[in-house]
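Q: Could you take me through one part of this model up close, and then show me how the rest is put together around it? I'd like one connected walk-through, please.

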Amino acid sequence: MSTTRLHVDWTACDGRGLCAELLPELLAEDDWGYPVAHTGEAEPEVPRQLQDSARRAVDRCPALALRLVQR
Amino acid sequence: MTTVDAPAQVQLRLLAGPNDGRLDTHLGRHGRPPVLDAGRLVELLRAAGLTGRGGAGFPTWRKIEAVLRAPGTPVVVANGSEGEPASGKDRALLAYQPHLVLDGLQLVAAALGARTAHLYVAAASADGVRAALAARRGAGLDPVAVTVTVAPEAFVAGEESAVVAAVSGRPAVPADKLRRITESGVGGAPTLVQNVETLAHLALIARHGPAWFRAAGTHDEPGTFLATVGGAVDAPGVIEAGYGVRLGDLVDAAGGPASPLQAVLLGGYHGGWVPARPELEVSRAALAPFGASPGAGIVLALPAHACGLAETARIAGYLAGEVAGQCGPCVNGLPRLAGTLGDLAHHRARAGLPAEVRRLAALVTGRGACRHPDGTARMIISAMSAFDADVAAHLAGRCLAADSGHQGVRR
Amino acid sequence: MTDTLWYFGRGSGVVSLVLLSVVVALGIGARSGRTAFGLPRFAVNMLHRNAALLAVVLLAGHVVSLYFDPYAQLRFFDLVVPFVGQYRPFWLGLGTLAFDLMLALIATSLLRHRLGARTWRIVHWLAYLCWPIALLHGWQTGTDGGTWWLRTVLALCAALVVAAVAWRVTPSFARFPARVPRRVRILEEAR
C-alpha cells in the first residue's frame, strides 16, 4: 500500500516558509525557519485531503525544493 | 599505526602473510583471481553472508543484484577515503594488501560487465595504489581500467553520493537522492559503491569459498572485520577479528588499556557509547541493546579518569565543523547541538539542558541530504544514556572525572 | 484611430513600467521570507508572479499598438531585434532589449520546474538588467520624456526599486538573521 509523501531536497531548501503556510496541517517552522513535519518524520505522509495544497506548495516553492513521492 | 600479531580470538585473514603490498608477494600467496559471472558471484556472496564493511553493513549480494537489475552499463567504485579521523583500517589495508582490494574490484567489475572502475582514496594512499595499479598493468591483471580519485580530507567526503560526485569531477558533497545510487550514480549509470575492505573480503571468498568465510565470525554475522582500536590503549592499531570477538580481546590486541577504561565508542563518531565491559561481544546482535553496532570497526577507548561528556562534546564540535554546508537544519542545528552539549560538559549547565539536547537531536535527525546529522545526533543521545551519571553530576555543578582527581584526557 | 493607438501605446508602456517596478520590488522583498501588507508569504509570491504576467500583457499591448501606429514607424523585426529602428534607434532598441529579456524571464519562470533551479536563477538575475533598461527606454523614447508627470512617475519607480535594494542589504532584512548561511564547503583536493 503506497502512500504519497512530501520530500524536501535539503540541498535546495532555503527556508523561505511558503510551504509551512500552504500546508500548516503538515508542516511547522523550526528554530531557523526550515520546514519540519508535525509528526517529526523526515518525509511526512500527505493524506488525500491535503494533496491539492501539497501540489500547490510544490509548485510555489521558490527554491524548487519540494517533491511528492510515492513510497 | 601498526598491526599487531593475533592472540587466539583475533584472526588474521586479510592481514595474514607478508603485508608488504607487493604484487609478487600477493600472487605468490593468493594466485591470480578467478573470473566469475554475475550469477556465480551473487550466489557465492549470498552463501557467504558478506556485508558491507564501510559502516552500514548492507548485504553485498543484495547491492550487486540491485545494480544488475537496473538498466544500463554499471560503474564500480571502491571507496577507501576513510574520512573518519578515528579510523585507519582502509589506509592500512590499501598499504598492506592493495592487491586484495584491486582483485575484488576487478572481480566485481567483470561480473557486472562494467567498463569503468574507480578507486577513491585518501591522499596518503594515492601513491601506493597508483604503484600497485602500475604493477598490475604490467602483469595484465586489470581488464577494466581503474581511475584513481583522491578524496578531500573531510568527514562527509566518504558518503556514497559524495563519492559519486567526487569521481564525477564535482565537489565531494552529498546529493539529494532522487534515485538510488544503484540505479543512477556516476554519469546516471547504475553504480556500485563498495568499501575497500568489503572488496578485499570478496577477493578471498572468490578463491576460498563461502564455507571458509563462515568459519570465522558468528552464524548471523560471518567473517572477519578490521577494527581500528584507539584512544586509551597502549598500542593503537588495526586489528583483524571475527565478529563476536570480545571487546577485551580487541583492546588487548592493541596493547591493552593504558589505564582503567570506563566506556568505549564503537562504530566511529556516528556510533554509540558502550560500557567498557571486556566480555562484551562486538557484533550487531550483542550491541543492539546498547543502541550501538560495529559500524566501520572503530573502537575508541575512554579512560575512567576522563569526562565522557567532555569527550562527546569535543567530538560533537568536530562533527559540527565537518558539515558540507548545504542543508539548513544541519548547518544550523549541529553547531547549536554541539554548543548545548558543550555547555553541559563544561559547567555552564542549567536545568533543561538535557531536554534541549534531546530536542535538538530529534530536530536535526532526517533533515539533511545525508545521514551526518542523524549519526551525530545518535552518538550524542547514546552518550546522554551511557554517561547519565555524569549528566546528573554536571547539573549539580560537579564532574565525576574531576572528583576522581584527574582532568579529562584531551587529544 | 492612429491617435488612439498612439495614446494607448504610451499609456500601456507607462503602466507596464510601473508594474515592472512593483514586480522587481516584490521579487527583492520576497527573499526576506516576510509577510507583507498583511499578506502571507505565498500571497506575496503570487502577487509578484501575477503582476509580472500582467506587466507582460500590457507590454504586449504597448508593442502591438505601436506596431500598428504609423507614427511609431515600427517594422516587425524591430520588435525583437534591438537598435535597428528608424525612430530614436538607441532608446527604442533599449525597449526591444527589455522586451526580449522580459520574454526570457517569463518563459523560464513558467518552465522552471522543467529547467531546474540553477538555470532559472541564472536567467532571473537578468531582471536587474531588464528594469533599468526599461526605465531608460520609457524616459527617452517617447515624446513624454520632458513632461512633469512622466518624470514624477519614473522617479517614483526608481525610488521604489532603490529602496527595495537598500533594504535588501541591511542586516535586519531576513526573518532569521541569526541563521547560518548555507554555503558548500569548497574542500581542498589533491588530484
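A: Here's a look at one helix of chain B, followed by the core, the domains and the neighbouring chains.

Keep in mind that this is a predicted model. The close-up is on helix H16 of chain B, which covers residues 388-395. Its buried residues are Asp390(B), Val391(B) and His394(B). Looking down the axis of H16(B), you'd find those buried residues within an arc of 105°, so they line one face of the helix. The background is simple: an α-helix has 3.6 residues a turn, so residues three or four places apart point the same way. Flip to the other side of H16(B) and you get Asp388(B), Ala389(B) and Ala392(B), which are exposed.

What does the buried face pack against? The buried residues of H16(B) pack against five stretches of chain B: helix H12 (308-321), helix H13 (328-345), helix H14 (353-364), helix H15 (372-386) and helix H17 (400-403). Just past the end of H16(B), Gly397(B) has a positive phi of about 85°.

Now zoom out to the domains. Chain B splits into domain 1 (32-209), domain 2 (224-303) and domain 3 (308-403). Between domain 1 and domain 2 of chain B, the C-alpha centres are 26 Å apart. Their contact draws twelve residues from domain 1 of chain B and 14 residues from domain 2 of chain B. On the domain 1 side of that contact, helix H4 (residues 89-96) of chain B gives the most, with three residues. That same side, domain 1 of chain B where it touches domain 2 of chain B, sorts into three nonpolar, five polar and four charged residues.

Next, the nonpolar packing. The largest nonpolar core holds 159 residues, and Leu105(B), Leu250(B) and Val264(B) have the most contacts inside it. Helix H5 (residues 98-112) of chain B provides the largest share of this core, ten residues. Leaving out residues up to four places away in sequence, Val264(B) touches Leu247(B), Val274(B), Ala276(B), Val299(B), Leu300(B), Ala301(B) and Leu302(B). Another core, of 30 residues, lies apart from the largest one and includes Val23(C), Leu66(C), Ala72(C) and Met102(C). As a general backdrop, nonpolar side chains tend to be buried together in soluble globular proteins.

Two of the helices that H16(B) packs against, H13 and H14, turn up again where chain B meets chain A. That contact takes 13 residues from chain B and eleven residues from chain A. On the chain B side, H13 and H14 each supply at least two residues, and H13(B) gives the most, with three residues. The chain B residues touching chain A come out as six nonpolar, five polar and two charged.

As for chain A, it has two helices and four strands, arranged along the sequence as β-α-β-β-α-β. With 71 residues, a compact globule would have a radius of gyration near 11 Å, and chain A agrees at 11 Å. Its C-alpha trace spans about 35 × 25 × 20 Å along the principal axes of chain A. Buried residues account for 44% of the 71 residues in chain A. Of the chain A contacts between residues at least 6 apart in sequence, 62% join residues at least 24 apart.

That leaves chain C, where twelve residues are in contact with 16 residues of chain B. The side of chain C that touches chain B has five nonpolar, no polar and seven charged residues.

Methods
Residues numbered from 1 in each chain as written. Chains lettered and ligands numbered in written order. Predicted model: local features only at pLDDT ≥ 70, side-chain atom pairs only at ≥ 80, totals over all residues. Rg over C-alpha atoms; globule rule 2.2 N^0.38 Å. Buried ≥ 20, exposed ≤ 12 C-beta atoms within 10 Å, placed from the backbone. Contact = placed C-beta atoms within 7 Å. Arc of directions from axis to C-beta. Core = buried A, V, L, I, M, F, W, Y, C linked by C-beta atoms within 7 Å. Nonpolar A, V, L, I, M, F, W, Y, C, P; charged D, E, K, R; others polar. Domains from an automatic or database assignment.
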